[in-house]
Every structure is written in structure tokens, then in C-alpha cells.
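Biologist: Could you walk me through this one slowly? I'd like to hear the reasoning behind each label.

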Amino acid sequence: MNKGMLIVVSGPSGCGKGTILAEILKNDKFFYSISATTRNPRPGEVDGVNYYFLTKQKFEELIQNDGMLEYASYCDNYYGTPKKPVEDMLNQGKHVILEIEVQGAMKIKEKCPDAVFVFILPPSLKELRRRLNKRGTETEEVIEKRLSEAAGEIKQAYKYDYALVNGELSDAVNDLFAIIRAEELNTKNSKNTIDEVLENA
Ligand code: 5GP
């Protein structure tokens, strides 16, 4: 068994990351890292499923206790990746998916340079605005704030290994599967496969 890969997925709010990942996660070789956040739950979001919804104080305690693999402040709230489940799942051979914003992704790049970095693009900024309005989960003010972040985030897509456009959902899902499969076959991730062949003389 090879160790699992850490797959970091970013993209502006409303680009459809969650919808693409929901398809990928139907396969149980993937583990979705549940983040912690200090933002309020949206209608329908469940603590421990979508996020761990924490107070600022509790979040800061976790940081102090070295419990976070990374964390960042985004649109006035903390978001972070609890470290232990990620390490446990990678050791069990699962591919761990981090759906995180750019600052956090860059921290992961420093700590875990072998991770795979994928940026999801909307077809255009105009389409992104349309999707955020349609989602209707944020106030007008929050939508404007997120849109004003979006162009700056997209400019950082060059720091990722791959960028794919989420126009047609099925194409985007296939693209992400193709990236993951290619990375699985990369010799840096298939050391045990090679050793196993040599052992079976
Ligand atoms: P939302 O409030 O829409 O759920 O998330 C806002 C942004 O925070 C998204 O870009 C999302 O990917 C990012 N995010 C979610 N969890 C984490 C995390 O654990 N760490 C970091 N750095 N960003 C996160």
C-alpha cells in the first residue's frame, strides 16, 4: 500500500468546488478533511459534517496547542485544518482532500511540498457573480466581499500545479480524476508499488 496523497483544492467562493468534490468523495479512497471555522453555520450546515463551528477562543486554543496543520483568516473569520485526522488518514493510504483558500494552501506548500495543488476556476467573473447570487446563502454585502476577493485569488492560480475550469460539471469532475490518477502513477507516489514488483521474484 502506498501512503495517501494530500490534495489541496482552492478556488473562489461560488466556483463550485464543493459540487465537484462531492462527486470525487463518492469513492472511499478519499477522505475529506473537515475544517474548523469561526464563521456562523449557513442554513442546513451541520457541526462536525460541513465544519467544526468553533468560537474564536476555542480556535485560538487549538492554534496554541499545535492542533492545526494550517489556518488563515478569510473575510473576517478563521478557517483551519485540524492536523491529526489528516495525518492518520494519509498513513492509512487514503487521499486526503483539503478544500481551503489560497493563504492556507501556500502554508501547506511550505510544510508538505509533495501535496498536489489544484485550483478551480469559474468560466468568468460574471458567471461567478451569477452563481453566488443564485446560491442565495450570503447577504449582498458578503457576496460583494467575496467577489472582490475573487480576482486576487484567481491571480494566484499560477502557484498551483493544475488549474481547471468548472463550466460543465462532468468535465470538471473528469479533469480532477485525471489529475489525481496521473499523480497516483507519479513515481514519487508509487514507491511501494515498484518495491512490491521487485519483491515478487
Ligand atoms: P466558506 O465560508 O464559503 O465555507 O469558505 C470560505 C473559504 O474558506 C473557502 O475558500 C474555503 O475553501 C476556505 N476554507 C475552508 N476551510 C478552510 C481551512 O481549513 N483552511 C483554510 N485556509 N481555508 C479554508
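Modeller: Sure, and keep in mind that this is a predicted model. Let's start in the loop between helix H2 (56-64) and S5, where aspartate 66 is found.

Biologist: What makes the phi of aspartate 66 worth a mention?

Modeller: Its phi is near 60°, a positive value, and the residue is not a glycine. Aspartate 76 is another case, with a positive phi of about 75°. That one sits in the loop between S5 and S6.

Biologist: How do you know that S3 and S6 pair?

Modeller: Two strands pair if there are at least two bridges between them. Two bridges join strand S3 (residues 36-37) to S6, so the pair qualifies. The two strands run antiparallel, and threonine 37 has tyrosine 79 in S6 as its bridge partner.

Biologist: What is the order of the strands in the open sheet?

Modeller: The four strands go S4-S3-S6-S5, with mixed pairing.

Biologist: Why are strand S4 (52-53) and S5 called edge strands?

Modeller: Each of them pairs on one side only.

Biologist: Now the ligand. What makes the link to arginine 146 a polar contact?

Modeller: The cut-off is a pair of N or O atoms within 3.5 Å. A polar side-chain atom of arginine 146 lies 2.7 Å from an oxygen atom of the ligand, so the pair counts. Arginine 42 passes too: an N or O atom in its side chain is 2.8 Å from a ligand oxygen. With glycine 80 a backbone N or O atom does the job, at 2.9 Å from an oxygen atom of the ligand.

Biologist: How much of the ligand does the protein bury?

Modeller: Taken alone, the ligand exposes 510 Å², and the protein buries 96% of that.

Biologist: Where does the ligand sit?

Modeller: In the largest pocket. Strand S5 (68-74) and strand S6 (77-82) are the elements that give two or more residues to the shell around the ligand.

Biologist: Which residues of the surroundings are closest?

Modeller: Of the 16 residues around the ligand, the closest are Arg39, Tyr51, Tyr79, Glu101 and Arg146. The shell divides into seven charged, five nonpolar and four polar residues.

Technical notes
Residues are numbered from 1 along each chain as its sequence is written. This is a predicted model: local features need pLDDT of at least 70, side-chain atom pairs count only at pLDDT 80 or more; totals for chains, interfaces and linings use all residues. Side-chain values use heavy atoms; hydrogens and water are left out. A residue is near a molecule or strand if one of its heavy atoms lies within 4 Å of it. A polar contact is a pair of N or O atoms within 3.5 Å; within protein, one must be able to donate a hydrogen and the other to accept it, and residues adjacent in sequence count only if both atoms are side-chain atoms. Accessible areas come from the Shrake-Rupley method with a 1.4 Å probe; for residues, only the protein chains shown count as cover. On a 1 Å grid over the protein atoms alone, a cavity is a set of points where a 1.4 Å probe fits but cannot get out, and a pocket is an open set with protein on both sides within 12 Å along at least five of seven lines; lining residues have an atom within 4 Å of a point. A molecule sits in a cavity or pocket if more than half of its atoms lie within 2 Å of its grid points. Ala, Val, Leu, Ile, Met, Phe, Trp, Tyr, Cys and Pro count as nonpolar, Asp, Glu, Lys and Arg as charged, and the others, Gly among them, as polar.
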